[in-house]
Amino acid sequence: MNVSRTRLVLLLGLAGALLLVAVIVSPMLLMSLPSFVSDGRTSIDCTDDAQVEEVSDTATSDIPDDYLKLYKEYGKKIGVQWNILAAVGKRETDHGRSTLPGVRSGTNSAGAAGPMQFLISTWGGKARVPVETPFTGYASDGDGDGIGDVYNPADAILGAARMLKRNGAPENVRQALFVYNRAWWYVDQVEEIARKYAKSGDVKVPPQAEEECDEPLIEAAPTTVVAKILAYALAQRGKPYLWGGTGPDAFDCSGVIYAAYRSAGLQIPRTTFGQWPFGVRVLEGQEQPGDLVFFNAGPGTSANNPGHVGLVVSKGKMLEARCTLCGPIKVTSYSARGNRIGFTRPLQNPAVLDQLQKLQNPAL
């Protein structure tokens, strides 16, 4: 009896201790749980790729007002982090305040010029380029005078934003910075400055490749065919860009779309040049998942002959394979992308409608 009673007391004591531990630990566990566990919502803001970052006191005191306005304006317009753009301006010329050669005239010993230190060859072949002149550089007209002037802060900052965007920002900002100046110590320095310029002390990146943001896309597809197209395309995220690639290991912009449609049993043209006239045109605002969005981008392209294409996965978002240095295939925003020329719906092409009918009725 005494032995049994002693064992009972020990068991009750152990149970009480465990209950006490649970009471103490459970609030900590609850605090660490992501919001989607407790209330059914995702813990990531998936609504937009624009990362709005407040200005720190350091930025306010260090960046001239006119430069800060330009960094914020063109960062938002092009879709790159304004504080990264500002950090480049700081690292290159102290926001145009440097008196070294090449900042206000001429070039430095490396051939760079202007407040954002573009190589003249990268800018467009000369320091001042009429914007209507065809060129392959980053010469930009930020002040609306018709000239891309490498020494003009508005033009240079817009050009820098375009270059960073072209090479991977805002998603892969370190890669974009490395292309800007091919040294990882430079990338580290710019990011350190950018963190100081942000009130949060961070360099924010968009959540577009997060699985939490992409999971609902297939379920929201308007048809089962579109769901199959999206499922295949989204499964290619993280794979590299390869010019002419149609998978399975790498793709180019039109190749991943071609393969996605093929996975649903549908044949569409292979290249961007063929896909543009193939689909039925869709007015902006009426596009839906499965449609294609086209851009006047790349050599030899124009408003009537687009060179880049993305697959619409939701309103304002597309899956794209952009370029070798732009990072892997990913979901990005098309709403803030420049040079967008229109949308098409391949599923409304008569040949595709015939294919769909045969898929539904194999005996035909």
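This is a short tour of the structure above, stop by stop, with something to select at each one.

**Before you start**

The model is predicted, so local features need pLDDT of at least 70 and side-chain atom pairs count only at pLDDT 80 or more, while totals for chains, interfaces and linings use all residues. Residues are numbered from 1 along each chain as its sequence is written, and side-chain values use heavy atoms, with hydrogens and water left out.

**The whole chain**

Show everything as a cartoon. You will find 14 helices and 10 strands; these are DSSP runs numbered from the N terminus, with helices being H or I of at least four residues and strands being E of at least two. Of the 364 residues, 45% count as buried. Here buried means under 20% relative accessible area, exposed over 50%, and partly exposed in between, with a 1.4 Å probe and protein chains only.

**Helix α5**

Select residues 82–93. This is α5, whose 12 residues reach 17 Å from first C-alpha to last, close to the 16 Å expected at 1.5 Å a residue (the expected span is 1.5 Å times one less than the number of residues). Because 9 of its 12 residues are buried, α5 is largely enclosed by the rest of the structure. Among those buried residues are Trp82, Ile84, Leu85 and Val88. Now add α3 (57–62), α4, α7, α8 (173–180) and α9 (184–197), the helices that the buried residues of α5 pack against; contact means heavy atoms within 4.5 Å.

Step just past the end of α5 to Asp94, which takes a positive phi of about 55 degrees. Then select His95, in the loop between α5 and β1 (112–113). Its phi is near 60 degrees, a positive value in a residue other than glycine, and His95 is buried, with a relative accessible area of 2%.

**Two more loop stops**

Go to Gln117, in the loop between β1 and β2 (118–119). Gln117 also has a positive phi, near 55 degrees, and counts as buried at 13% relative accessibility. Next, select Gly247 and Pro248: a cis peptide bond joins them, with omega about 0 degrees. Pro248 sits in the loop between α11 (224–234) and α12.

**Strand β10 and its partners**

Select residues 340–345, strand β10, together with β5 (280–282); the two pair in the antiparallel sense over 3 bridges. Strands pair if DSSP finds at least two bridges between them. Look for Val282 opposite Phe343. Then add β6 (292–295), which pairs with β10 in the antiparallel sense over 4 bridges, and find Leu292 opposite Thr344.

**The largest pocket**

Show the surface and select Arg166, Asn296, Ala297, Gly298 and Asn339. The largest pocket has a volume of about 1700 Å³, and these five are the closest to its centre of the 45 residues that line it. On a 1 Å grid over the protein atoms alone, a pocket is an open set of points with protein on both sides within 12 Å along at least five of seven lines, a cavity is a set where a 1.4 Å probe fits but cannot get out, and lining residues have an atom within 4 Å of a point. Grid points are joined across faces, edges and corners, and a volume is the space filled by probe spheres set on the points. Helix α7 gives the largest share of the lining, 4 residues.

**The cavity**

Finish with the 1 cavity of 30 Å³ or more, which holds about 60 Å³ of space. Select its lining, including Lys165, Glu171, Glu320 and Arg337.
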